[in-house]
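Visitor: I'd like to learn how to read this model. Could you walk me through it?

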Amino acid sequence: MIARIYSTGTLIFLKNAWYVAALESEITRTLHATKILGEDIVLYRKQDGQVAALEDACPHRKLPLSMGRLQGDQVECGYHGLTFDCSGSCVRAPGVAHIPKAAFVRSFPIVERYGLVWIWMGDAVLADPAKIMQVEHWGDPAWGMNRGDAMTLQCNYQYMTDNLLDPSHVSWVHQSTFGSADIVGEPLQTVVQDNGVTVSRWMRNVEVAPFYAKFVKFKGNCDRKQQYEVRFPAHALIRAIFTPAGAGTDSEPFHPDVFLMDSYNFMTPVDDSTTRYFWFQMRNFSPDDQDISRQFSEDVRHAFQEDRAVLAAVHAGIAKSPSKLDLPLDSGPLRFRRKLKQLIDAEQEAASEAAGSGRAATPVLQEA
């Protein structure tokens with residue numbers, strides 16, 4: 001049962017992992033306040049264009065540094081002028097002969113990739129950029145891309161990972177876009193790996209769903225593959241394959257008219273009840289067609305708005321009265337939650353042991 005694994009009011013997250021902090025376009029030479037894993041962060045671009053991230057609280061009276069001023073590459077507190085460089089060290093304390101040892105804030109490792117700003121919330125020594133989820137066709141001139149945006153969800157992030165490990169929900173939530181009547185009840189295959197969980201199914205000789213019908217190059221029924229991969233802590237690749245009926249296959253050579261779409265989805269917990277959701281899609285056709293990219297973005301955004309309404313209601317409903325019912329389609333979400341909880345427990349145990357012994361904790365998550 002989902003409610004046994006997650007209950008509201010517990011700020012427990014996997015720290016040694018990369019999360020998306022913002023769109024690249026959101027971070028400028030203006031102080032940008034955000035919250036990630038329940039922690040207040042301020043981001044800004046340095047004069048060389050690189051992004052810096054600091055704890056958003058002056059250590060003196062805890063005024064958010066985002067309420068202060070950017071002076072060159074340094075942040076000046078708006079209360080008493082304590083000034084911090086991008087490493088978090090206090091470099092100026094007006095009226096104080098010697099800068100106090102406690103005058104520092106935490107800084108966070110940052111990487112810019114795929115039009116997104118990634119932040120490492122755990123032990124900075126373990127922040128390996130190679131652990132960021134790989135986007136297979138990024139930069140491939142044969143593939144088109146539609147840039148998504150950032151959407152705020154009024155639910156815990158694990159309700160979104162549940163949703164992205166549940167292909168069956170499209171028949172009910174997305175009837176006018178991703179779903180179609182003849183895929184209802186098709187069985188699911190669940191695979192658990194070290195880096196996440198994959199739920200998939202092939203549907204043979206079925207109707208092309210409305211969202212895809214306007215883009216596929218063939219007429220008539222299709223073979224359709226839904227593959228939902230969610231990787232720890234909360235990153236997803238949703239892979240769609242459409243071929244003419246009878247031609248479906250998982251690998252090359254594909255039918256000449258195959259439709260391939262990879263949808264990348266990144267969930268960043270704000271706190272227990274709020275999630276920021278970043279996304280974009282890659283497609284194997286019309287790489288330079290801006291009208292198709294615009295149509296993709298509009299249609300996907302509409303479908304995700306349907307998810308947002310449902311998940312906000314689910315979060316509120318389970319907060320009032322925890323669910324006591326599981327269905328076979330819950331296998332993927334439940335396995336993901338259990339494995340993630342094991343990773344979080346192991347990370348906390350390692351951190352506790354390290355604190356007691358004075359040594360650094362070891363990493364618990366490797367991205368394949």
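Visitor: Where should I start, and what is the mean pLDDT of the chain?

Guide: Start with confidence: pLDDT is the predictor's confidence in each residue, from 0 to 100. Here the chain has a mean pLDDT of 89, with 90% of its residues at 70 or more. Residues 1–9 have pLDDT below 50, and that stretch has 26 contacts (heavy atoms within 4.5 Å) beyond near neighbours in sequence. Where pLDDT is low, predicted coordinates should not be read in detail. This is a predicted model, so local features need pLDDT of at least 70 and side-chain atom pairs count only at pLDDT 80 or more, while totals for chains, interfaces and linings use all residues. Residues are numbered from 1 along each chain as its sequence is written, and side-chain values use heavy atoms, leaving out hydrogens and water.

Visitor: How many residues does the largest nonpolar core have?

Guide: A nonpolar core is a set of buried Ala, Val, Leu, Ile, Met, Phe, Trp, Tyr and Cys residues joined through side-chain atoms within 4.5 Å. Buried means under 20% relative accessible area, exposed over 50%, and partly exposed in between (1.4 Å probe, protein chains only). In this model the largest core holds 62 residues, and Phe242 is among those with the most contacts inside it. Its largest share, six residues, comes from helix α5 (residues 290–320); helices (H or I, at least four residues) and strands (E, at least two) are DSSP runs, numbered from the N terminus. A second, separate core has 24 residues, including Trp18 and Val258. Beyond four places in sequence, the residues that Phe242 touches include Tyr212, Val258 and Phe259.

Visitor: And how many aromatic pairs are there?

Guide: Rings of Phe, Tyr and Trp (its six-membered ring) pair if their centres lie within 6.5 Å; planes under 30 degrees apart count as stacked, over 60 as edge-to-face and the rest as tilted. The whole structure has 20 such pairs. Take Trp118 and Phe266: their ring centres are 5.1 Å apart and their planes meet at 75°, so they are edge-to-face. Trp118 is in strand β10 (residues 116–120) and Phe266 in strand β16 (residues 259–271), 148 residues apart. Trp118 is buried at 0% relative accessibility, and Phe266 is buried with a relative accessible area of 0%.

Visitor: Which residues form the aromatic cluster?

Guide: Phe211, Tyr212, Phe215, Phe242, Phe259, Phe285 and Phe296 make up one cluster. Within it, Phe211 and Phe296 pair edge-to-face, 5.4 Å centre to centre with 85° between the planes.
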